[in-house]
Structures are given as structure tokens and as C-alpha cells.
Amino acid sequence: MRKLHPLSIAVRSISRSVNVGLLFFIAGVFASPGGAGGTLLSVAGMVLLGIVVAVVYEVAYYERFRYELTADTFDVASGVLARRDREVPLRRIQNVDVRQPVLSRLFGLSAVHIETAGGGQTEVSLQYVDEEEARRLRRQLRRGARAERDEDDESASETRDAGDEDEEELLFEIQPRELAILSVFTIDPGASLLGGIALSFLSGFDPTRLIPADLVDGLPGAEGGLVALAWLVVLFLLAAWVVSAVLTFNRYYGFRLTRVGDELHYERGLVQRYSGTIPLEKVQTLTITERVPFRWFGYGALAVETAGYAPGQGSRGTESAIPLAGYDRVVGLARSIEPFGEVDLEVPPKRARERYGVRYLLVVGAVVGAGYLLTTATALERWYLPAVLIVFVPVAAHLKWRNRGHQLGDRYVFARTGFWNRTTKVVPYYRVQAVVHTQSIFQRRRHLASVTADTASSASLLGRAATAYDVDEERGLEMQLEIEERLQERLRARKRERTVGEWFQHDLSNDEPAGDESA
């Protein structure tokens with residue numbers, strides 16, 4: 001059995017020493033003879049003890065960690081205080097991610113994370129091995145997983161193996177201009193928190209220091225307070241935008257996507273480098289995204305969702321196949337994965353647009369009502385100003401209606417929704433796990449319904465499945481039956497294709513010469 005790289009002791013020890021050293025520092029402050037403040041010597045001693053404990057633990061971890069790749073399993077033995085032996089069947093391996101945090105990159109090491117089917121968590125982590133070993137493991141683990149699934153078709157497996165070694169097709173590589181546009185116009189969800197933390201440190205945890213004195217001088221108390229609040233909001237949004245741009249640039253720097261056999265390989269990241277695989281045979285859904293303002297300039301993005309989870313993201317969201325590129329280029333790559341034809345979507349009935357208008361009117365009414373209640377408790381006036389939003393209600397309702405649609409093709413289900421973040425989902429019929437027909441109370445009043453083509457992707461569990469919203473209720477029932485029928489047709493067709501392939505391979509093996517008997 002193999003061991004981790006010896007330098008992994010140093011990388012892991014540094015990382016663990018920071019955590020354990022901080023814990024022992026806090027313990028030293030409270031346990032030292034000097035009282036609450038502690039003495040420098042006792043605190044330093046506790047910190048040193050914590051670092052020694054961390055290093056000793058990592059040495060023991062290294063000595064007791066072993067792994068081995070066999071013909072049908074990946075075996076791992078680990079544990080310092082409690083021994084743990086695992087055998088991961090190769091047929092269950094879904095994805096192999098290779099990551100290089102900043103510290104490990106300095107030592108030329110990589111972390112290998114192995115994910116299995118049916119779960120969204122890492123089954124096995126090797127921290128750390130050298131870069132060549134990481135590439136070898138990723139290649140052989142994925143090859144072994146395919147061989148296990150195709151053990152009855154040896155010639156096809158050998159053909160793919162040879163292709164894996166010889167051919168690598170570059171599908172996409174992000175350009176500097178695309179990366180700059182993506183960074184500037186992407187809002188990262190975690191950026192607001194980090195931006196708020198940055199502003200807190202800049203102000204010394206006193207927000208009033210960020211407000212210029214001449215900005216509120218001469219204004220009444222209420223108006224001065226509103227101006228100050230507006231100024232802080234602008235600063236907060238600016239800080240969040242800057243942090244978001246930096247995070248996005250770091251995440252997608254050097255993004256490239258290649259195809260090797262029946263897999264997509266991706267690499268990305270500046271400070272921390274990620275690389276992994278997307279097995280095409282496990283792709284459940286393709287999602288083409290056109291966000292504002294990218295859509296106005298002809299840009300789009302492509303994401304893929306695989307069975308059980310989407311690889312490469314800690315949150316188990318979808319993995320980007322193309323983070324940003326021209327729309328035609330995005331559609332072209334999507335068709336190279338799933339060869340769908342032209343998309344001609346059917347929009348919902350016009351009474352759905354009326355429903356959206358009523359919904360938005362209720363929202364405006366709630367805002368105006370909240371403003372009126374606010375004036376009774378504060379010095380604010382002109383509570384009726386938000387009522388001007390009524391002018392935008394018809395436009396908003398029309399845009400929502402116009403950007404929703406669906407289509408049942410010969411082999412795929414298409415569903416589109418969203419204006420600010422418009423997504424078009426492409427689902428092969430044979431990937432559909434269930435067809436759900438739903439009607440809310442408000443939909444029933446207008447004889448509307450929603451039809452969802454659910455798959456095995458985790459995105460479906462998070463409410464991001466392919467859904468045709470607000471179709472006619474009778475048409476919805478017809479769609480449900482049609483999708484179920486086409487699902488069975490595609491399953492039968494795929495079964496026939498596999499059967500023909502097995503017969504063909506069997507005939508080829510019978511036609512092979514038995515050898516030179518005279519020899």
C-alpha cells in the first residue's frame with residue numbers, strides 16, 4: 001500500500017498548528033497565574049505545547065494512513081486514535097477532484113477528493129500527494145470506474161482507455177476580457193458579509209467615522225439620518241461589489257474545459273487551484289443561463305448537473321462548464337454534450353400575465369402600507385411615494401410572462417424561466433425520475449398549473465428542477481402523460497441500442513481467429 005507524500009506532514013502541521021495554537025492561546029490566557037491577562041511566558045508555553053501536539057498528531061496521521069488501488073476497489077486505512085478501513089467500489093466513484101490550496105502549491109502537492117454516487121460529501125480525501133500522483137490517481141480511478149461499469153464490454157473499455165491517453169480536446173478556455181466582464185458584473189452571495197467585515201475594520205467598528213461631516217451638516221435630524229444611512233448603504237454595496245469581483249476573479253482565473261473520451265475535465269482558480277471531472281454518462285440536466293446585463297451583450301453561461309450532486313462545489317450546486325462566453329458558443333458546447341435541435345418555446349397563456357400583474361400590485365400595496373405604518377412611529381413623511389411603482393407593474397408582469405416557456409421535443413424537455421437570471425434547462429427524457437403536476441390556490445382560480453420534470457440531480461432537491469410554469473391546466477395534464485410516455489420510449493430505445501451493441505461485440509469476438517494451431 002502507498003503512503004502520502006512526506007511533505008504532507010509539514011503542510012498539514014502548519015494548517016493544524018494555527019487552529020490548535022489559537023485554542024491553546026485562549027486556554028493559556030485564562031489558565032495562567034497572571035489572572036485574566038495572563039503572563040507572556042505561560043501563554044507562549046501553551047501555544048508552543050499546542051503546536052507540538054499538532055505536529056505529533058500529523059506525524060502519527062501520516063504513519064497510519066495507507067491507500068491502494070486494486071482491480072475493483074480503492075482501499076484506504078487511516079485513523080490515529082480510532083482505526084478506520086474503507087473499501088470504495090470503483091463502480092460507485094462518481095467524481096475525482098484535485099485541489100491545490102496556496103500552501104500545498106508551494107510544496108508541489110495536491111489534495112485528491114473522491115466522491116461516490118448517491119452522496120454529496122467526499123468519501124475519501126488524500127491530503128496530500130505530489131502532483132504526478134494526483135493526476136495518476138484521477139486518471140486510473142476514473143478509468144477503473146468505467147471499466148467496472150463496462151466489465152461485460154472489454155473491447156469498448158480498451159478503446160476508451162486508449163483514447164484517454166492519446167486525445168484531449170480543448171473545448172473552452174476563458175479569455176482575459178471574458179474574465180474581466182464576469183468579475184465586474186457577478187455578485188457573489190458571500191461578498192456582502194465580507195464587505196461588511198471590511199468596512200467594520202476600516203471604521204474601527206464605529207460606522208459614524210465613515211460619514212463625511214459636510215454631508216449631513218445643516219440638515220434636520222430626520223433628513224440627516226436618512227442621508228447618513230443612504231451613504232452607509234452605498235459604501236456597503238461598493239465594498240460588497242469589490243469583494244465579489246475579487247472572489248469571482250480568483251475562482252475562475254485560468255478556467256479551461258477539455259474533453260477526454262466520455263468525460264469533461266475542468267481546471268480553475270488563482271489562489272487555490274481546482275481540477276476535476278464531469279462524467280458525461282452521469283449528466284442529468286444542462287442549464288443555459290443568460291443574466292442581465294450579460295444577456296444584453298450576447299453572453300451566456302453553461303452549467304451541468306450530474307446524478308446525486310454537482311461536482312466541484314462545496315455547496316453541491318451546479319458546476320460551470322462555461323462561466324461566460326458568447327451565447328452561440330455556449331449553445332454549441334451544450335449541443336456537443338446533448339445533441340438537441342432548435343429550441344422553439346411555447347409561452348404560458350396570457351391569463352398568466354394577468355396573474356403576475358395582480359401579484360406585483362399586491363406587493364406595491366404592501367410596500368405603501370408599510371410606509372404608512374412607518375410614518376405613524378417616525379418623523380418620515382410622504383409615505384405614498386412608493387405608489388409610483390404601480391407604473392412599472394404592467395412592464396414587470398409582461399417581462400416575467402415573456403421569459404417563461406416550455407417545449408417537449410422528440411428527445412428532450414425544455415423549460416425556461418426568469419428575467420434577471422434567465423435559465424433554460426435541457427433534460428433528456430431518459431433522465432426523468434418523476435413528472436410532477438402541481439396547482440396552487442391562485443393557479444386554480446385561473447385554471448393554470450406547473451409541470452416539473454424531476455431528475456436525480458441535487459439541484460432538483462433545491463427547487464431548481466426543469467419546470468414549465470403556469471401552463472393551461474388541461475395542457476399540463478397532457479404534458480405529464482406525454483413526458484411519461486416519451487420517457488418509456490427513450491428507455492426502450494436505449495435498451496435496444498445496448499442490446500445491439502452487445503450482439504455486435506459478441507459477433508466480433510466470435511470472428512477473431514483462434515490462433516495458429518499448426519504452431
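Helices (H or I, at least four residues) and strands (E, at least two) are DSSP runs, numbered from the N terminus. The model is predicted: local features need pLDDT of at least 70, side-chain atom pairs count only at pLDDT 80 or more, and totals for chains, interfaces and linings use all residues. Residues are numbered from 1 along each chain as its sequence is written, and side-chain values use heavy atoms, with hydrogens and water left out.

**Exercise 1. Describe the protein chain as a whole.**

Solution.
- Step 1: count the elements. The protein chain has 15 helices and 19 strands.
- Step 2: take the burial. Buried means under 20% relative accessible area, exposed over 50%, partly exposed in between (1.4 Å probe, protein chains only). Of the 519 residues, 42% count as buried.
- Step 3: look at the contacts, meaning heavy atoms within 4.5 Å. Among contacts with a separation of 6 or more, 59% are between residues 24 or more positions apart.
- Step 4: take the surface, using the Shrake-Rupley method with a 1.4 Å probe, where for residues only the protein chains shown count as cover. The protein chain exposes about 28000 Å², and carbon and sulfur atoms supply 59% of it.

**Exercise 2. Locate the cis peptide bonds at Tyr128 and Pro293.**

Solution.
- Step 1: recall the background. Most peptide bonds are trans.
- Step 2: take Tyr128. The cis bond joins Gln127 to Tyr128, with omega about 10 degrees. Tyr128 belongs to strand S6 (residues 122-130).
- Step 3: take Pro293. Val292 is joined to Pro293 by a cis bond, with omega about 10 degrees. Pro293 sits in the loop between strand S11 (283-291) and strand S12 (299-306).

**Exercise 3. For His447 and Asp470, give phi, then decide: buried, partly exposed or exposed?**

Solution.
- Step 1: recall the background. Most residues other than glycine have a negative phi.
- Step 2: take His447. Its phi is positive, near 55 degrees. His447 lies in the loop between helix H13 (441-445) and strand S18 (448-454). His447 counts as partly exposed because its relative accessibility is 44%.
- Step 3: take Asp470. Its phi is also positive, near 55 degrees. Asp470 is in strand S19 (residues 466-472). Asp470 counts as buried because its relative accessibility is 1%.

**Exercise 4. Place Leu7 and state its exposure.**

Solution.
- Step 1: find the position. Leu7 is in the segment before helix H1 (8-31).
- Step 2: take the exposure. Leu7 has a relative accessible area of 35%, so it is partly exposed.
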